[in-house]
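User: I've got a model open and want to work through it with you. Can we take it question by question?

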Amino acid sequence: MGKPANDDQDKKLFQDRNFRWLAAGAIISMLGDQFTLIALPWLVLKMTGDPLVLGTVLAVMSIPRALFILVGGALVDRHSPKRVAMLTKYINTLLLAALAASVFTGVLNVGMVYAFALAIGLSTAFSIPAGTSIMPHVVAREQLQAANGIFMGIRQMSMFAGPLLAGLLIALFSHGGDVGDTGMVKDARGLGLAFLFDAISFAASAWTLAKVAMREVPGRQGANAVAQQSVKKAVGEGLRYCWKDDSLRTCFLYWAAVAFFITGPVQVAVPVLANHIGAGAAAFGALAGAHGAGTLLGMAVTGIKPHLRFGSFGSTILLIDGIIGILFMPMGLVQATWQGIALLLVIGTLGGFLQVNIYTWLQHHAAPAMLGRTMSLFMFIFMGIAPMSSAITGWLMRSVSLVQLFAASGALLVVIVGIALLTSGMRWITDARTGAETQR
């Protein structure tokens with residue numbers, strides 16, 4: 001028997017110098033990101049103890065991301081993903097270094113946390129469309145599925161190892177207690193080291209990205225037209241393109257509904273759950289790490305079975321999201337860390353399988369000259385809706401219990417899946433580029 005086709009593609013990818021440099025930078029940067037994703041919410045909770053403040057900090061980070069991510073997509077199409085990504089890496093290096101210094105010196109206050117969150121959110125509005133659009137410029141079209149699987153696998157390995165390492169780092173440098181006499185958290189050294197590590201990771205990944213040579217993408221000649229347009233006109237053209245495409249419009253509307261009811265509970269309620277269990281930052285890291293490990297497993301399944309479907313592409317999404325909603329409902333009943341780990345491991349596995357397939361579908365489906373704007377709109381759905389979802393979750397947690405919040409969020413996801421199944425053309429969407437465009 002011959003080798004599986006995906007094994008041959010993986011081998012070819014790692015023989016490609018450009019892909020190796022891109023992958024090396026991704027490993028460094030994604031691991032650093034996880035340190036901030038653990039340290040920032042933990043810092044806010046320890047400074048204030050208020051889920052509403054945590055929700056609003058996350059909202060402040062998400063608002064500029066929502067407002068400017070479509071602009072970021074237009075700039076990616078106008079210039080190049082690499083150029084935009086390089087600039088954002090330099091900016092994030094400075095921001096995270098300044099945040100670390102503020103924590104180390106004890107001058108950080110809640111107002112400054114909001115300011116840093118705002119600046120980081122603005123930078124990611126440009127880095128996200130650049131990062132999600134760069135792969136077609138590095139590998140051949142037939143290697144996209146394998147390359148996306150490898151990169152998402154790297155991301156999930158970082159989501160497994162990063163939270164565990166960050167939680168351990170913060171716990172090791174903790175002095176006990178929550179807040180000192182000045183209002184600054186007593187485990188500031190661990191938090192500062194976490195932010196500093198992320199700053200260093202941005203600098204290192206900028207160096208590796210500088211060594212990546214970009215390839216010309218067939219069909220991207222439309223980028224010349226984008227360069228002659230105003231940013232406003234380019235964004236409008238991207239929105240019209242996505243709306244006129246039946247498959248994109250249906251998927252984006254569905255994902256917007258899903259993001260609204262799931263993003264907030266994941267970002268706000270999970271760290272609150274870890275704090276409620278009482279095992280500290282290490283428990284939060286373990287829960288986030290379990291979700292990352294599960295997602296990695298799901299992505300591995302995608303690599304082994306790249307064409308695994310339960311009916312069509314659209315019906316597969318609906319089935320898996322329905323199962324995730326059912327598993328989400330009992331999260332509020334968790335009383336021990338291992339119980340949360342078990343649930344998040346399974347939820348992550350299902351989500352990881354979907355992520356690779358959705359990214360690859362979008363990269364295949366979108367016209368090359370529209371790829372940056374299509375991917376930015378996709379990320380806008382999840383990043384832009386996060387402010388509303390996180391703020392509402394934080395507000396709700398002042399009057400409802402964790403049990404009620406998780407149960408309601410999971411049930412609403414199941415309802416959304418049912419509505420999409422019965423009233424939209426989601427189940428008819430296929431993997432074909434031109435699609436069996438949704439037929440009612």
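User: Let's start inside a helix: is Ser123 buried or exposed?

Analyst: Keep in mind that this is a predicted model. Ser123 sits in helix α5, which covers residues 110-133. The cut-off for buried is under 20% relative accessible area. Ser123 has 7% relative accessibility, so the call is buried.

User: Which residues does Ser123 touch, leaving out those up to four places away in sequence?

Analyst: Ser123 belongs to α5, and with residues up to four places away set aside, some partners remain. Those partners are Thr88, Ile91 and Asn92.

User: How far apart are the end C-alpha atoms of helix α3, and what span should its residues give?

Analyst: Helix α3 runs over residues 51-78, which is 28 residues. At 1.5 Å a residue, the expected span is 40 Å, and the end C-alpha atoms agree with that, so both values come out at 40 Å.

User: Where does α3 bend, and by how much?

Analyst: The end C-alpha atoms of α3 agree with the expected span, but there's still a bend to report. It's at Phe68, and the angle is about 45 degrees.

User: Which helix gives the largest share of the nonpolar patch?

Analyst: The patch is on the surface, has about 350 Å², and is made by Ile63, Leu67, Phe68 and Leu122. Leu67, for one, is in helix α3, and with 59% relative accessible area it counts as exposed. The largest share is 3 residues, and the helix that supplies them is α3.

User: What is the N to O distance in the salt bridge of Asp246 and Arg249?

Analyst: Side chains of opposite charge can pair when their charged atoms come close. The count here comes to 1 salt bridge. It needs a side-chain nitrogen within 4 Å of a carboxyl oxygen, and Asp246 and Arg249 meet at 3.0 Å.

User: Asp246 and Arg249 are in helix α10, so what separates them along the helix?

Analyst: Helix α10 covers residues 246-277, and the two residues are 3 apart in it. Asp246 is partly exposed at 26% relative accessibility, and Arg249 is partly exposed too, at 23%. Because they are 3 residues apart in α10, what separates them is about one helical turn.

User: How far is Gly190 from Gly167 in space, C-alpha to C-alpha?

Analyst: Gly190 is in helix α7, residues 188-209, and its 0% relative accessibility makes it buried. Its contacts, not counting residues up to four places away, are Leu169, Ile170 and Phe173. Gly167 is 23 residues away in sequence, and the distance in space is 8.9 Å.

User: And how far apart in space are Leu354 and Thr302?

Analyst: Leu354 lies in helix α13, residues 337-365, and is buried at 8% relative accessibility. Beyond four places in sequence, Leu354 touches Thr316, Ile317, Ile320 and Asp321. Thr302 is 52 residues away in sequence, yet the C-alpha to C-alpha distance is 8.5 Å.

User: Zooming out, what percentage of contacts between residues at least 6 apart join residues at least 24 apart?

Analyst: The protein chain has 15 helices and 0 strands, and 55% of its 440 residues are buried. For contacts between residues at least 6 apart in sequence, the share joining residues at least 24 apart is 85%.

User: What share of the exposed area do carbon and sulfur atoms supply?

Analyst: The protein chain exposes about 18200 Å². Of that area, carbon and sulfur atoms supply 69%.

Methods: Residues are numbered from 1 along each chain as its sequence is written. This is a predicted model: local features need pLDDT of at least 70, side-chain atom pairs count only at pLDDT 80 or more; totals for chains, interfaces and linings use all residues. Side-chain values use heavy atoms; hydrogens and water are left out. Helices (H or I, at least four residues) and strands (E, at least two) are DSSP runs, numbered from the N terminus. Buried means under 20% relative accessible area, exposed over 50%, partly exposed in between (1.4 Å probe, protein chains only). Contact means heavy atoms within 4.5 Å. The expected span of a helix is 1.5 Å times one less than its number of residues. The bend at a residue is the angle between axes fitted to the seven residues ending there and the seven starting there. Patches are made of residues with over 30% relative accessible area and no salt bridge: like charges are joined within 9 Å, nonpolar side chains (Val, Leu, Ile, Met, Phe, Trp, Tyr) within 5 Å. Accessible areas come from the Shrake-Rupley method with a 1.4 Å probe; for residues, only the protein chains shown count as cover.
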